[in-house]
Amino acid sequence: MIEIGIPFSDPTAEGVVIQDANIRALKNGMTTDGAFDIVRRVREKSQIPLAFMTYANPVFHYGYDRFFAKCEELGVDAIIIPDMPFEEKAEMEEPANAHNVALISMIAPTSEERIQMIAKEAKGFIYVVSSMGVTGVRSEIRTDLGAIVERNP
């Protein structure tokens with residue numbers, strides 16, 4: 001699977017490295033349509049599964065139905081939206097499902113009592129956020145992925 005990022009001006013789940021990359025991409029003219037063009041070019045050579053990673057705002061701004069219709073047309077298999085809580089996914093999930101795009105569910109160390117519910121409704125795959133904090137360079141990564149999996153067979 002290849003994850004293709006659609007840059008956003010306020011990527012709250014990202015650390016400084018990826019925040020800076022988003023700003024650079026936007027300053028250099030990358031757009032949602034530019035990301036769709038990347039998908040088009042990948043599809044000329046490969047049928048590997050593709051997932052977009054972006055935030056709710058760019059998808060909302062593009063228009064849910066228009067966005068997911070374009071995903072279906074070009075062969076985007078899934079989308080990851082890190083700033084969309086599981087309990088608020090219905091608004092985006094309906095058009096995603098209508099256009100055969102899996103809206104990827106995320107679980108984190110803080111999802112304990114919700115993990116079974118999230119896993120039961122998941123499509124495509126489950127994105128496990130294995131450590132607290134934002135992405136990026138760290139001197140130490142603390143995670144207890146084994147415990148998350150053990151508690152939730």
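**Helix α2**

I began with α2 in this predicted model, where 12 residues at 1.5 Å each should span 16 Å, and I found the end C-alpha atoms 17 Å apart, which agrees. At the start of this helix, I noted that a side-chain oxygen of Thr31 comes to within 3.3 Å of the backbone nitrogen of Asp33. I then listed the buried residues of α2, which are Thr32, Gly34, Ala35, Phe36, Val39 and Arg43, and looked up what they pack against: β1 (2–5), β2, α3 and α4.

**Arg43**

Which of these buried residues did I follow up? I chose Arg43, which is found in helix α2 and counts as buried because its relative accessibility is 14%, under the cut-off of 20%. A polar atom of the Arg43 side chain lies 2.7 Å from the backbone oxygen of Gly75. Setting aside residues up to four places away in sequence, I recorded that Arg43 touches Ile48, Pro49, Leu50, Leu74, Gly75 and Asp77.

**Nonpolar cores**

I next looked up the largest nonpolar core, which has 23 residues, and noted that Phe52, Phe67, Phe68, Ile79 and Met92 have the most contacts inside it. At least two residues of this core come from each of α2 (32–43), β2 (50–53), α3 (56–62), α4 (64–74) and α5 (90–98), and α4 gives the most, with 5 residues. For Ile79, again not counting residues up to four places away in sequence, I wrote down touches to Phe52, Thr54, Val59, Phe67, Phe68, Val101, Ala102, Leu103 and Ile104. I also found a second, separate core of 6 residues, which includes Met53, Ile80, Ala102 and Ile104.

**Asp65**

Is Asp65, whose place is in helix α4, buried, partly exposed or exposed? I entered Asp65 as partly exposed, because its relative accessibility is 48%, which lies between the cut-offs of 20% and 50%. Leaving aside neighbours within four places in sequence, I found Asp65 in contact with Pro95 and His99. I also noted Ala96, which is 31 residues from Asp65 in sequence, with a C-alpha to C-alpha distance of 7.7 Å in space.

**Helix α1**

Last, I repeated the span check on helix α1 (residues 16–27), where 12 residues at 1.5 Å each should span 16 Å, and the end C-alpha atoms are 16 Å apart, which agrees. After α1 comes Gly29, for which I recorded a positive phi, near 95°.

Methods
Residues are numbered from 1 along each chain as its sequence is written. This is a predicted model: local features need pLDDT of at least 70, side-chain atom pairs count only at pLDDT 80 or more; totals for chains, interfaces and linings use all residues. Side-chain values use heavy atoms; hydrogens and water are left out. A nonpolar core is a set of buried Ala, Val, Leu, Ile, Met, Phe, Trp, Tyr and Cys residues joined through side-chain atoms within 4.5 Å. Buried means under 20% relative accessible area, exposed over 50%, partly exposed in between (1.4 Å probe, protein chains only). Helices (H or I, at least four residues) and strands (E, at least two) are DSSP runs, numbered from the N terminus. Contact means heavy atoms within 4.5 Å. The expected span of a helix is 1.5 Å times one less than its number of residues. A polar contact is a pair of N or O atoms within 3.5 Å; within protein, one must be able to donate a hydrogen and the other to accept it, and residues adjacent in sequence count only if both atoms are side-chain atoms.
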